[in-house]
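User: Could you walk me through some contacts in this one? I'd like short answers with the reasoning included.

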Amino acid sequence: MKKISIYTDGACSGNPGPGGWGAVLIYGEKEKHISGSDTETTNNRMELMAAISALESVKEKCEIDLYTDSKYVLQGITEWLPNWKAKGWKGANKKPIKNVDLWQRLDETNAQHHVKWHWVKGHNGNKYNEIADTLATTAIK
């Protein structure tokens, strides 16, 4: 099975406001950069879109190490999601969770691969996190 590393980041100019996301996919010596934007969004939605879009762009089942600087995305997918699903996509307060459309999409695409989720400190000199950040902020424009 192919092994891929993915670094993702989201950004927003105002929160809510115009936003962008970026991802770097690394397979062997090959690097692929992807990005996108939305005219009215939030930072959390862009963080989610970065991970979703990166995973959706991988067309065959792979082992993936996905690095995000978003604790919201990391904790959501690794800790909170099973409880949300068990409670009909509701949080501990019994109210529908925010960004449920994107969480459901991430859950679906995450299940198509063997993904190990990692947190990386943002703006701390990690080469690929910095590239993902640049892709995200550039996509806003």
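User: Is Lys 3 buried or exposed?

Analyst: This is a predicted model, where local features need pLDDT of at least 70, side-chain atom pairs count only at pLDDT 80 or more, and totals for chains, interfaces and linings use all residues. Residues are numbered from 1 along each chain as its sequence is written, and side-chain values use heavy atoms, with hydrogens and water left out. Buried means under 20% relative accessible area, exposed over 50%, and partly exposed in between (1.4 Å probe, protein chains only). Lys 3 comes in at 58% relative accessibility, so the label is exposed.

User: And which residue does Lys 3 pair with in a salt bridge?

Analyst: A salt bridge here needs a side-chain nitrogen of Lys or Arg within 4 Å of a carboxyl oxygen of Asp or Glu. For Lys 3 the N to O distance is 3.7 Å. Lys 3 sits in strand β1 and its partner in strand β4 (strands are DSSP E runs of at least two residues, helices H or I runs of at least four, numbered from the N terminus). Because of that placement, the pair ties together parts 60 residues apart in sequence, and the partner is Glu 63.

User: What about Lys 85 and Asp 107: how far apart are the closest N and O atoms?

Analyst: Lys 85 lies in helix α2 and Asp 107 in helix α3, so their salt bridge links parts 22 residues apart in sequence. Lys 85 is partly exposed at 42%, whereas Asp 107 is buried at 16%. Their closest N and O atoms are separated by 2.9 Å.

User: How many salt bridges does the structure hold?

Analyst: Another one joins Glu 60 and Lys 2 at 3.4 Å, N to O. The total is 5.
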